[in-house]
Every structure is written in C-alpha cells, then in structure tokens.
Amino acid sequence: YFVGLSLWIAFLGSLIRYGSPRLSRFSWGVIGGSLAGTSNFAKDAIALAGNGGLGSTTSSLYFYGLLLGAGILSISSFILSVECMKRYDATYSSASYAGADVISVSVMAA
C-alpha cells in the first residue's frame, strides 16, 4: 500500500509541476486527501504498539517511530491542503480533499 501511495504522490507532484492547469488543480486538491487517508492506519498501528502488541522489547521503538510518522503525515497533509486553498477556491479544495481521503481509506481498508 505504501509503495503504491508513494508512487501516487510522486505522480501527483509531477502533475503539479509539469501538467496542464486543469491537471495541476486536480493534483493540488487530491494530494492532501491522499496523505490524510493513511491516518486510520497510523492510529491503529500506534494503538497496537502502545499496548505492547508488537513485543515488549521493541514496542517502544515501534511506538515512537509510528508516532513520528503519523505526525509527519498529518502535518504534510495539512500543509498541502492549505497550499491548495491558497491557490484555488476553498469549495473545490475541500471537496477534492474529502474525495481523495475517502478513496485512500477505502483502498487501504480493502
């Protein structure tokens, strides 16, 4: 999942930089929601690591690594969404963000 997500984010980044104005607008709207869709995985993984479900000796390392990763994903998603709203209409930005978030969560849960 994360390899596919990384490729998707790289593709969206290339569309932002080199795509037509319409594709760039689409990419700005979707990139934040795509990252935000991973929040459920991060929440569940942190809960598992925090409860000692990954083993007592390595649990604390996994916990702090997952906590750091969840924070980076959340902040990145927020920053990208703010940048989209600076460039385009907030109604478009929120709709594309929510759509990408739902699709990302659905793919991750499948």
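**Entry 1: the largest pocket**

I began with the largest pocket, which is lined by 13 residues. Nearest its centre I noted Trp8, Ser34, Ala100, Ile103 and Ser104. The elements that each contribute two or more residues to this lining are H1, H2 and helix H5 (90–109). I recorded that the model is a predicted one.

I then asked which element gives the most to the lining of the largest pocket. I found H5 in that place, with 6 residues. For the volume of the largest pocket I entered about 180 Å³. Sorted by class, I have 8 nonpolar and 5 polar residues in the lining, and no charged ones.

**Entry 2: helix H1**

I turned next to H1, which covers residues 2–18 and has 17 residues. From first C-alpha to last I read a reach of 24 Å, close to the 24 Å expected at 1.5 Å a residue.

Which residues of H1 are buried? I listed Leu5, Leu12 and Leu15. Looking down the axis of H1, I saw the buried residues fall within an arc of 85 degrees, so they line one face of the helix. Val3, Leu7, Arg17 and Tyr18 are exposed on the other side of H1. I also looked up what the buried residues of H1 pack against, and the partner is helix H2 (21–36).

**Entry 3: Ser27**

I followed this packing into H2 and selected Ser27, which has its place in that helix. Is Ser27 buried or exposed? I entered Ser27 as buried, because its relative accessibility is 0%, and the cut-off for buried is under 20%.

Setting aside neighbours within four places in sequence, I found Ser27 in contact with Leu12, Leu15 and Ile16. Leu12 and Leu15 are among the buried residues of H1 that I had listed before.

**Entry 4: Arg25**

I stayed in helix H2 for Arg25, which is also placed there. With a relative accessible area of 33%, Arg25 is partly exposed, since that value lies between the limits of 20% for buried and 50% for exposed.

How far apart are Arg25 and Arg87 in sequence and in space? I noted 62 residues in sequence and 8.5 Å in space, taken C-alpha to C-alpha. Once neighbours within four places in sequence are left aside, Arg25 is in contact with Tyr88 and Tyr92.

**Entry 5: summary**

I close with two points on H2. Ser27 contacts residues including Leu12 and Leu15, whereas Arg25 contacts Tyr88 and Tyr92. Ser27 is buried and Arg25 is partly exposed.

Technical notes: Residues numbered from 1 in each chain as written. Predicted model: local features only at pLDDT ≥ 70, side-chain atom pairs only at ≥ 80, totals over all residues. Heavy atoms only, no water. Helix = DSSP H or I, 4+ residues; strand = E, 2+ residues; numbered from the N terminus. Expected span 1.5 Å × (residues − 1). Buried < 20%, exposed > 50% of the residue type's maximum accessible area, 1.4 Å probe, protein only. Arc of directions from axis to C-beta. Contact = heavy atoms within 4.5 Å. 1 Å grid on protein atoms, 1.4 Å probe; cavity = no way out; pocket = protein on both sides within 12 Å on 5 of 7 lines; lining within 4 Å. Points joined across faces, edges and corners; volume = space filled by probe spheres on them. Nonpolar A, V, L, I, M, F, W, Y, C, P; charged D, E, K, R; others polar.
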